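Visitor: I would like to go through this model slowly, asking at each step what lies behind the words that are used.

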Amino acid sequence: MTRRPKRAKGATPGGGPSARLFARARAVIPGGVNSPVRAFRAVGGTPVFVRRARGARLVSADGRALLDFCGSWGPLVLGHAHPAVVEAVQRAAADGTSFGACTKREVELAELLCAQVPSMKRVRLVNSGTEACMTAIRLARAHTGRAKILKFDGGYHGHADPFLVAAGSGLLTAGVASSAGVPGAVAADVLVAPYNDIAAVERLAVRHGRDLAAIVVEPVAGNMGLVPPAPGFLEGLRKIARATGAVLIFDEVITGFRLGPTTVGVLRGIAPDLTCLGKIVGGGLPIGAVGGRAGIMDRLAPLGDVYQAGTLSGNPVAVAAGLATLRTLLAEDPYARMAALGETLARGFDEAARRRGVAAHCAQLGGLFTVFFGEGPVRNLADARRCDAAAYARFFRRMLDAGIYLPPSAFETCFLSAAHTPADIARFLAAAARALASSS
Ligand SMILES: *Cc1c(COP(=O)(O)O)cnc(C)c1O
């Protein structure tokens, strides 16, 4: 029996299929979305409903083709519906979607992760980046016998309670500094420092070092827009964590296998104690992974006293998609190509903004980029907040009108994939130049 949903208040009456679906969604799903970043509240208009996608292109429920620079928020480094991934998923699904028992493929994925990330002596597969980060701090607290964690303003580590203090991504978009429903006692154990401010971390370490269980950081920040680490920042964190005895956790849920077939920790020669992965390592299916030093990881049940579990953990279909993605990345090594496209895009955007006298710039690293409407560079959340979010919203709508799909928020990172071509970048730049021209 199907329920006939009431039309939600404020939905575009008589709109296209996306608008009609959104009206139905809002009657039965809070805000009409299953993750708040998908709502268009920060940019205006109706969320795009996607019918299907291939390569760098989405087809909306309205039948529009959109050039995609959101990439499902990071996992789709090979583009949508990559043949190797689709085939792996179909084969795995045909053999059974879940067993709640061990499989060969999960061993292969764990071996591959440990081989590509030498600081990972052990790794456990979970179902999301949130779970990976949640497990990482539980391990750090057990390992150190301490309670406090230090995170960075605008850092996002999923939606477990302690991470919703001064968090980035959707919490910035929604304009909430923190979430309701997080007990004060949980928030009291969370210290927050500005990103890229090693002196602030040192001050907190002097005061709280003996209570500090973990320092958790995105080694390249991606949830306040793209903010690369300043020279010496990650090295400084490594030093402070060692001096205080805190566990250093690199949250590489976005950056793992994004800038090379490994982590930022490996690329920069800094070994964290624990690393969190997600997104790319599941190839577009739900997954997360937490790994690191054997002495910490072996505290996990059933070996140790730190409990962690999951009915669908190491799911055969998700693991197959992840393996196919990582093996394709290793075989095809598209990173230099994505980085070159990223550089062309960023240089082209900066030039267009300069020519039109618009205070905007493009932060870029490899295939990651963010368009900031403000003078550069953005080094932390305060800098990102000083940018003009309304100008981004106008830019977003003009780009969408031109058939280009960006993340619907000024505080997010855009993603290139191996499926993007120089022609796609040229199309982005032509549309951006027009969007900037009409904004001045
Ligand atoms: C996306 C993200 C997470 C959370 O992962 P989910 O799979 O959405 O739970 C954690 N940390 C970072 C850096 C992320 O970008």
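**The ligand and its surroundings**

Guide: Let us start with the ligand, which is surrounded by Ser128, Gly129, Thr130, Tyr156, His157, Gly158, Glu218, Asn223, Asp251, Val253, Ile254 and Lys279. Please keep in mind throughout that this is a predicted model.

Visitor: What makes these residues the surroundings of the ligand?

Guide: A residue is counted when one of its heavy atoms lies within 4 Å of the molecule, and Ser128 and Lys279 are among the residues listed on that basis. Sorted by class, this shell has 3 nonpolar, 6 polar and 3 charged residues.

Visitor: Why is the approach of Lys279 to an oxygen atom of the ligand called a polar contact?

Guide: The cut-off for a pair of N or O atoms is 3.5 Å, and an N or O atom in the side chain of Lys279 is 2.6 Å from an oxygen atom of the ligand, so the pair qualifies. Asn223 also offers a polar side-chain atom, 3.2 Å from an oxygen atom of the ligand, while in Tyr156 a polar backbone atom is 3.2 Å from a nitrogen atom of the ligand. As for cover, the ligand taken alone exposes 380 Å², of which the protein buries 83%.

**Empty spaces**

Visitor: How do you know that there is empty space inside a structure?

Guide: Rolling a probe the size of a water molecule over the atoms shows where empty space is left. Here a search of the whole structure finds 1 cavity of 30 Å³ or more, and the volume of the largest cavity is about 50 Å³.

Visitor: Why is that space called a cavity, while another is called a pocket?

Guide: The word cavity is used because the probe fits there but cannot get out, whereas a pocket is open. Gly55, Asp68, His80, Arg258 and Phe415 are among the residues that line the largest cavity, and by class its lining has 4 nonpolar, 6 polar and 2 charged residues. The second largest pocket, in turn, has a volume of about 660 Å³. Of the 28 residues lining this pocket, Glu106, Val123, Arg124, Leu125 and Pro302 are the closest to its centre. Helix 3 (104-116) and strand 4 (122-126) each supply at least two residues of that lining, and strand 4 gives the most, with 4 residues.

**Rings and unusual backbone**

Visitor: Why is the pair of Phe69 and Phe369 called edge-to-face?

Guide: The search of the whole structure finds 11 aromatic pairs. In the pair of Phe69 and Phe369 the centres are 6.0 Å apart, inside the limit of 6.5 Å, and the planes make an angle of 75°, which is over 60, so the pair counts as edge-to-face. Because Phe69 lies in the loop between strand 3 (65-68) and helix 2 (83-94) and Phe369 in strand 12 (residues 368-372), the pair ties together parts that are 300 residues apart in sequence.

Visitor: What makes a residue or a peptide bond stand out along the backbone?

Guide: Most residues other than glycine have a negative phi, and most peptide bonds are trans. Asn196, in the loop between strand 6 (190-193) and helix 7 (198-208), is not a glycine and yet has a positive phi of about 70°. The peptide bond from Ala301 to Pro302 is cis, with omega near 15°, and Pro302 lies in the loop between helix 10 (294-297) and helix 11 (316-332). From Gly376 to Pro377 the peptide bond is also cis, with omega near -15°, and Pro377 is found in the loop between strand 12 and helix 13 (381-386).

Key
Residues are numbered from 1 along each chain as its sequence is written. This is a predicted model: local features need pLDDT of at least 70, side-chain atom pairs count only at pLDDT 80 or more; totals for chains, interfaces and linings use all residues. Side-chain values use heavy atoms; hydrogens and water are left out. A polar contact is a pair of N or O atoms within 3.5 Å; within protein, one must be able to donate a hydrogen and the other to accept it, and residues adjacent in sequence count only if both atoms are side-chain atoms. Accessible areas come from the Shrake-Rupley method with a 1.4 Å probe; for residues, only the protein chains shown count as cover. Ala, Val, Leu, Ile, Met, Phe, Trp, Tyr, Cys and Pro count as nonpolar, Asp, Glu, Lys and Arg as charged, and the others, Gly among them, as polar. On a 1 Å grid over the protein atoms alone, a cavity is a set of points where a 1.4 Å probe fits but cannot get out, and a pocket is an open set with protein on both sides within 12 Å along at least five of seven lines; lining residues have an atom within 4 Å of a point. Grid points are joined across faces, edges and corners, and a volume is the space filled by probe spheres set on the points. Rings of Phe, Tyr and Trp (its six-membered ring) pair if their centres lie within 6.5 Å; planes under 30 degrees apart count as stacked, over 60 as edge-to-face and the rest as tilted.
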